[in-house]
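Dear colleague,

I am passing on the structure below for your own inspection, and my notes on it follow directly after. Please read them with the coordinates open beside you.

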Amino acid sequence: MESLADSKVWADYNAAQAERPVRSLCLDAMAFAGPGNGRRAIDLGCGAGKETLAMLRAGWHVHAVDSLPDTSERLLAIAPPDADGRLSIEMRAFQDLRALPLAGLIFAGYSLPFIHPARFAGFWDVVLGALRRQGVLAVNLFGDRDSWADVPEWNFHTEAAARQLFDGLEILKFEVYDDDGQSFRGPKHWHIYDVIARKP
Ligand SMILES: C[S@@+](CC[C@H](N)C(=O)[O-])C[C@H]1O[C@@H](n2cnc3c(N)ncnc32)[C@H](O)[C@@H]1O
């Protein structure tokens with residue numbers, strides 16, 4: 001249920017990401033997962049493609065998903081020449097996905113909160129279904145004290161509800177950030193869970 005206004009926001013956001021480092025949550029997840037060695041990773045809401053590129057460089061085949069229509073153009077412009085055949089791109093809204101390829105590493109950086117709450121559970125099942133045994137899943141989720149928590153189209157979780165999403169997985173990291181800060185839309189209160197989990 002993404003609007004054109006959302007698309008414009010994400011396009012502007014992604015355009016401003018060129019100089020930032022690779023997200024530490026992704027680097028930590030890659031360290032837990034070990035070298036790619038031709039295994040498949042998924043980058044959900046790949047945006048500017050910084051984490052997609054990092055995973056390609058670490059030897060993963062990467063399936064990059066984002067609803068923005070220029071995603072393919074953006075990723076092909078930054079993909080290294082030796083990524084030929086190792087990068088697949090799916091331009092689709094999460095809530096319209098019925099399946100994902102099996103993967104040993106799934107990363108979703110600041111993207112899953114932007115699914116309508118009524119569609120989140122269905123998509124989460126798709127994500128868990130795509131995770132191989134011993135596969136690593138790393139996501140940011142938004143908490144109920146976040147200042148965007150009154151946006152009805154986005155999903156927010158209490159800490160207990162967020163932890164419950166990982167039932168049956170081994171939680172390798174669960175960090176809570178609950179503080180005032182900045183966003184691309186100005187000052188706000190961030191309430192975020194950074195989670196890394198492994199499927200037994
Ligand atoms: C805040 S950006 C994060 C981008 C990147 N992962 C990062 O960490 O900087 C959110 C990204 O998710 C994508 N996105 C948001 N909602 C989505 C949805 N429902 N389905 C697919 N992609 C979505 C946006 O187009 C955008 O590129």
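Around the ligand there are 19 residues, and those that come nearest are Arg20, Arg23, Gly45, Asp66 and Gly109. Please keep in mind throughout that this is a predicted model, and that every distance, angle and area in this message has been computed from it.

By class, the residues of the shell around the ligand divide into 8 polar, 7 nonpolar and 4 charged. If one asks which element supplies the largest share of that shell, it is helix H1, spanning residues 4-15, with 3 residues. As for where the ligand sits, its place is the largest pocket.

Three of the approaches to nitrogen atoms of the ligand can be described individually. A backbone N or O atom of Gly45 is 2.7 Å from a nitrogen atom of the ligand, and for Gly109 it is likewise a backbone N or O atom that lies 2.9 Å from a ligand nitrogen. With Ser67, by contrast, it is a polar side-chain atom that is placed 3.3 Å from a nitrogen atom of the ligand. On its own the ligand has 590 Å² of accessible area, and the protein covers 99% of it.

Two residues have a positive phi and may deserve a look. Most residues other than glycine have a negative phi. Tyr110, in the loop between strand S4 (103-108) and helix H5 (117-130), has a phi near 50 degrees, a positive value in a residue that is not glycine. Is Tyr110 buried or partly exposed? Tyr110 counts as partly exposed because its relative accessibility is 27%, which falls between the 20% and 50% limits. The other residue is Gln134, which is found in strand S5 (residues 131-142) and whose phi, near 70 degrees, is again positive in a residue other than glycine.

I also looked at a charged residue with low accessibility. Lys173 belongs to strand S6, residues 170-183, and is classed as buried because its relative accessible area is 16%, where the limit is under 20%. What does the side chain of Lys173 make a polar contact with? The partner is the side chain of Asp28, at 3.1 Å.

Two further buried residues can be described together with a C-alpha distance to a residue elsewhere in the sequence. Gln17 is located in the loop between H1 and helix H2 (24-33), and it counts as buried at 10% relative accessibility; its C-alpha atom is separated by 6.4 Å from that of Ala48, with their positions 31 residues apart along the chain. Val126, in helix H5, is buried as well, at 14% relative accessibility, and its C-alpha lies 5.8 Å from that of Ala99, although the two are 27 residues apart in sequence.

For two other pairs the C-alpha distances are as follows. Ile192 sits in strand S7, which runs over residues 186-198, and with 5% relative accessibility this isoleucine counts as buried. The C-alpha atoms of Ile192 and Ser67 are 23 Å apart, with the two residues 125 positions from each other along the chain; Ser67 is the residue whose polar side-chain atom lies 3.3 Å from a nitrogen atom of the ligand. Glu153 is placed in the loop between S5 and helix H6 (159-164) and is partly exposed, with a relative accessible area of 38%. Between the C-alpha atoms of Glu153 and Ala83 the separation is 36 Å, for residues 70 apart along the chain.

If you have time for a part of this, I would suggest starting with the ligand shell, and then turning to the two residues with positive phi.

With best regards

Note on methods
Residues numbered from 1 in each chain as written. Predicted model: local features only at pLDDT ≥ 70, side-chain atom pairs only at ≥ 80, totals over all residues. Heavy atoms only, no water. Near = heavy atom within 4 Å. Polar contact = N/O pair within 3.5 Å; in protein donor to acceptor, adjacent residues only side chain to side chain. Areas by Shrake-Rupley, 256 points an atom, 1.4 Å probe, with all protein chains shown as cover. 1 Å grid on protein atoms, 1.4 Å probe; cavity = no way out; pocket = protein on both sides within 12 Å on 5 of 7 lines; lining within 4 Å. Sits in = over half its atoms within 2 Å of the grid points. Helix = DSSP H or I, 4+ residues; strand = E, 2+ residues; numbered from the N terminus. Nonpolar A, V, L, I, M, F, W, Y, C, P; charged D, E, K, R; others polar. Buried < 20%, exposed > 50% of the residue type's maximum accessible area, 1.4 Å probe, protein only.
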